[in-house]
Amino acid sequence: MELNVNLCGIELDNPVIPASGTFGYGYEFSQLYDINCLGTFSFKGTTKDPRFGNPTPRIAECTAGMINAVGLQNPGVEQVISQELPRMKRYFHKPVMANVSGFSIEDYAYTCEKLDKEEQVGWLEVNVSCPNVHGGGMSFGTSPEAAAEVTKAVKAVTTKPVIIKLSPNVTDIVSIAKACEEAGADGISLINTLLGMRIDLNRRRPVIANTMGGFSGSAIFPVAVRMVYQVAHAVKIPVVGMGGVSSAEDVIEMMMAGATAVQVGAANLINPYICRDIVNDLPRVMEKYRINNLKDIIGGVQLWEKM
C-alpha cells in the first residue's frame, strides 16, 4: 500500500500532520513516541516578537469540542531559530512546517524571510486566520484583497513553498483561496477554528477572558470537509485539510474531499498518541475501502447524478 503523498514538491511518507498550536515544537510528543512516523508537523504559531498571549482563562470545554483563546503565545522568531530549531533537529529528521502569524504585512514578511533560510523548514504555513488576537491574524484572512497582499509580500522574500491558512469565519471561502492562488500561493490550508463562545451561568460572564475564541474539535468536521471540497475544486494548488479530524477514516474522507495532506489538531490534546495511531491505522482503513494508493483518492468524491 502506498501512503506517501507529495505536498508542494516535498514527499511525505504519509499525509498525517499535527496542526500548529496543538503539538508545540514536537519535543514533548517525542518523549512519548518516535514522531518521525508522521508526515511532518506544523510547529507553534510564530510571530516576529515574543508574545505572552491572552489573559487567562483561555480554554472552555464544549460538546464535541473546545474553545481556545491562547493568543499566539510564543517566544518570537529569533528564539525559535536560535533555540527551538536546533533542538528539534535532534529528535525530528524531516522537513517541518513553520506556522507564521503577524500583525502587519511587514511582520509576516520579516518572520517568513527569517524562517525561509532555516534548513529544517520545508514549508511556510502563513496563518491569516487566527480568531484570538486583536488587529492581526484573521483580519488579513477575511477579504480576498488582504489575503492576497500577505501572500505577495511573503512570496517576494521566500523560496520555499508558501501555504496560506484560511479562516472559516467568512461568507465566501473560495474567493479568498483563489485570490491567494493568483497572488502566488503554493498551497492552501484550511480550516482554522470557528469563532465560538461559552457563558458561565453561575458568574454570568464569559468562560474565557477573551470573551470569544477558536472553536475546534470533532463537532466542526463536517464544516471542514465542505470547505476543503469547495476550495480544492476551485484551485489548482494543493489543499491541506483540517478541522475535527480524529481518525484514519476522517483522513480518508478529507482526502476524498480534495486534501493532499491532513492536519490533526484538538485531538492531540485529548490523546497525545492520536497522530501515531492514525498513521498505524491507515493501512487497515485503506484495505477496508479498497484503496491501494492514497494519491489516487485525492479529490475523488463522486457526486450524485442530477435527475
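Colleague: Happy to be looking at this with you! Which residues does Val 231 touch, not counting residues up to four places away in sequence?
Modeller: Welcome! Keep in mind that this is a predicted model. Val 231 sits in helix α7, which covers residues 221-232. Leaving out residues up to four places away in sequence, Val 231 touches Ile 173, Val 174, Ala 177, Ile 188, Leu 190 and Val 239.

Colleague: Is Val 231 buried or exposed?
Modeller: Buried means under 20% relative accessible area. Val 231 has a relative accessibility of 0%, so this residue counts as buried.

Colleague: How many residues are in the largest nonpolar core?
Modeller: Two contacts of Val 231 are Ile 188 and Leu 190. Ile 188 and Leu 190 are also among the residues with the most contacts inside the largest nonpolar core, a list that includes Leu 7, Phe 43 and Leu 294. That core has 95 residues.

Colleague: Leu 294 caught my eye there. Which residues is Leu 294 in contact with, leaving aside its neighbours within four places in sequence?
Modeller: Leu 294 is one of the residues with the most contacts inside the largest nonpolar core. With those sequence neighbours left aside, Leu 294 is in contact with Glu 2, Leu 3, Val 5, Pro 15, Ile 252, Met 255, Leu 282 and Met 286.

Colleague: Let's turn to open space. Which elements give two or more residues to the lining of the largest pocket?
Modeller: About 790 Å³ of space lies in the largest pocket. Its lining has 40 residues, and Ser 20, Thr 22, Asn 68, Thr 193 and Ser 216 lie nearest the centre. The elements giving two or more residues to this lining are β4 (59-62), β5 (65-68) and α9 (267-270).

Colleague: How many residues of that lining are charged?
Modeller: The lining of the largest pocket divides by residue class, with 17 nonpolar and 20 polar residues. The charged residues in the lining number 3.

Colleague: How many disulfides does the count come to?
Modeller: A disulfide needs two cysteine sulfur atoms within 2.5 Å. For Cys 8, the nearest cysteine sulfur is that of Cys 180, 13 Å away. For Cys 180, the nearest is that of Cys 112, also listed at 13 Å. The count of disulfides comes to 0.

Colleague: One last residue: is Gln 73 buried or partly exposed?
Modeller: Gln 73 is in the loop between β5 and α2 (77-91), and touches Lys 44, Arg 51, Phe 52, Gly 53 and Arg 58, not counting residues up to four places away in sequence. With a relative accessible area of 28%, Gln 73 is partly exposed.

Methods
Residues numbered from 1 in each chain as written. Predicted model: local features only at pLDDT ≥ 70, side-chain atom pairs only at ≥ 80, totals over all residues. Heavy atoms only, no water. Helix = DSSP H or I, 4+ residues; strand = E, 2+ residues; numbered from the N terminus. Buried < 20%, exposed > 50% of the residue type's maximum accessible area, 1.4 Å probe, protein only. Contact = heavy atoms within 4.5 Å. Core = buried A, V, L, I, M, F, W, Y, C linked by side-chain atoms within 4.5 Å. 1 Å grid on protein atoms, 1.4 Å probe; cavity = no way out; pocket = protein on both sides within 12 Å on 5 of 7 lines; lining within 4 Å. Points joined across faces, edges and corners; volume = space filled by probe spheres on them. Nonpolar A, V, L, I, M, F, W, Y, C, P; charged D, E, K, R; others polar.
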